[in-house]
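Here is a short briefing on one protein chain. Keep the structure open as you read, and find each part as it comes up.

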Amino acid sequence: MYKYYKLALSTMESFIYYSKKIGKDFLLCQGPGGNTSIKKGKDIYIKKSGELLNKTNKKTFKKVDFEKISNFYLDAKDDQKFEKSLSIETPFHVLLNKKYVFHYHSLASIIISAIYSKSEMKDIFVKNDILSIPYLRPGYELAKRMVKLNNVKNSNIFFLYNHGVVIKGNNISQIYSQIRKTENLFANHIDYKKLKAITNKILKLKIHNNKIKNPNSNLDYTVFNQKYLFPDHSVFFPNKFEERNKENNKDAILFDPNYLYLNKKLNLTEETYFKALLILFNVIGNNKIKNYIKEEYGEQLRNSEDEQLRIRLNK
């Protein structure tokens with residue numbers, strides 16, 4: 001039923017190279033987000049939960065018997081994990097029958113998710129052979145939906161609303177080429193030059209005494225409250241925003257025309273996601289937010305065993 005792939009060491013090295021390459025591109029991956037996998041011989045190597053793709057090496061991945069884990073997920077009924085250290089998104093890496101699976105959190109895809117209705121993007125995705133899926137909690141149900149949709153219309157590209165992109169294939173360089181082509185497609189529908197410029201600007205900003213320069217004094221950050229733009233928004237930075245005054249919520253992030261004020265010292269992962277949010281907010285600007293993860297679903301994800309593990313691993 002399953003194909004086993006015989007790969008040379010150079011292929012494994014190439015897989016690590018491209019995993020690290022997307023991990024180092026902030027427009028594609030932020031912090032511990034994103035994951036990749038390779039099927040090698042009778043095993044599958046899957047990125048472990050909490051690991052960073054920008055620091056990829058062989059230890060980044062968990063080696064698992066492919067037939068055992070395949071049978072586990074074929075018989076699964078819920079989000080039970082095969083092995084605790086594996087990524088929450090392991091099921092689609094196993095069930096999508098290609099040698100490589102690359103999943104990344106393209107900032108452009110998240111912006112498109114937010115500002116375009118699904119009907120506006122439907123024909124574009126169909127024309128470009130992209131399978132789109134409304135937001136589902138990362139895990140088994142999402143994987144099951146992807147496989148079902150793929151059985152109806154075979155494609156190597158999935159657009160996951162308010163989440164990111166998945167690309168599968170048997171040629172690693174072609175996968176990376178497809179990642180670039182997909183980003184170019186997104187650039188036809190958002191101001192990609194602005195996205196790059198804002199990303200470069202915000203990544204250079206320093207946090208001093210728990211405050212950071214406000215990159216847009218005219219932006220009302222409160223419009224993004226209770227609207228999670230992607231899963232790790234709800235997991236690592238669920239705080240609400242408030243205009244600075246004398247009676248603020250102690251858990252809120254405050255802002256005035258000059259600065260944003262944080263309520264604690266951020267660790268590296270929190271700072272990464274905070275800056276990712278500033279980038280997204282400043283590119284989205286005054287556009288109406290048409291798709292987002294509801295607060296209750298974000299809280300359920302954040303409180304799950306899988307995400308609590310990632311939070312602990314990335315303190």
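Four strands make an open sheet, in the order E8-E12-E11-E10, and their pairing is mixed. The edge strands are E8 (211-213) and E10 (241-243), each of which pairs on one side only. The model is predicted.

**The sheet and the helix across it**

- From one strand to the next, the twist averages 25 degrees.
- Strand E11 (residues 253-255) and strand E12 (residues 259-261) run antiparallel. They are joined by 2 bridges.
- Which residue of E12 is the bridge partner of Phe255? The partner is Leu260.
- Helix H10 lies across E8, E10, E11 and E12. H10 runs at about 35 degrees to E8.

**Two helices that pack**

- H10 also packs with helix H4 (residues 107-115). The angle between them is about 45 degrees, and their axes are 10 Å apart.
- Is H4 parallel or oblique to H10? That angle makes H4 oblique to H10, because it falls in neither the parallel, the antiparallel nor the perpendicular range.
- The H4 and H10 crossing is right-handed.
- On the H4 side, the contact is made by Leu107, Ile110, Ile111, Ala114 and Ile115. On the H10 side, it is made by Ile279, Leu280, Val283 and Ile284.

**Salt bridges**

- How many salt bridges does the structure hold? There are 14. Three of them follow, along with a network.
- Glu120 forms a salt bridge with Lys290. Their closest N and O atoms are 3.3 Å apart.
- Why does this pair tie together separate parts of the chain? Glu120 lies in helix H5 (residues 118-127), while Lys290 lies in the loop between helix H10 (268-284) and strand E13 (293-294), so the parts it joins are 170 residues apart in sequence.
- Glu120 is partly exposed, because its relative accessibility is 40%. Lys290 has 39% relative accessibility, so Lys290 also counts as partly exposed.
- Arg310 and Asp232 meet through their side chains in another salt bridge, at 2.7 Å from N to O.
- This pair links distant parts of the chain too. Arg310 is in helix H12 (residues 305-313) and Asp232 is in helix H9 (residues 231-236), 78 residues apart.
- Are Arg310 and Asp232 buried or exposed? Both are buried.
- A network of salt bridges links Asp232, Glu307 and Arg310.
- Lys250 and Asp251 also form a salt bridge between their side chains, at 3.6 Å from N to O.
- Lys250 has a relative accessible area of 67%, so it is exposed. Asp251 is partly exposed, with a relative accessible area of 44%.

**A serine in a loop**

- Where is Ser49 found? Ser49 sits in the loop between strand E2 (43-47) and strand E3 (61-65).
- Why does Ser49 count as buried? Its relative accessibility is 9%, and buried means under 20%.
- Leave aside the neighbours within four places in sequence, and Ser49 is in contact with Ser85, Leu86, Ser87, Asp306, Leu309, Arg310 and Leu313.
- Arg310 therefore appears twice in this briefing: as a contact of Ser49, and as a member of the salt-bridge network with Asp232 and Glu307.

Methods. Residues are numbered from 1 along each chain as its sequence is written. This is a predicted model: local features need pLDDT of at least 70, side-chain atom pairs count only at pLDDT 80 or more; totals for chains, interfaces and linings use all residues. Side-chain values use heavy atoms; hydrogens and water are left out. A salt bridge is a side-chain nitrogen of Lys or Arg within 4 Å of a carboxyl oxygen of Asp or Glu. Buried means under 20% relative accessible area, exposed over 50%, partly exposed in between (1.4 Å probe, protein chains only). Two strands pair if DSSP finds at least two bridges between them. Axes are lines fitted to C-alpha atoms, for helices over the stretch in contact, and angles run from 0 to 180 degrees between N-to-C directions. Contact means heavy atoms within 4.5 Å. Angles under 35 degrees count as roughly parallel, over 145 as roughly antiparallel, 65 to 115 as roughly perpendicular and the rest as oblique. A crossing is left-handed if the near helix is turned anticlockwise from the far one by less than a right angle, and right-handed if clockwise.
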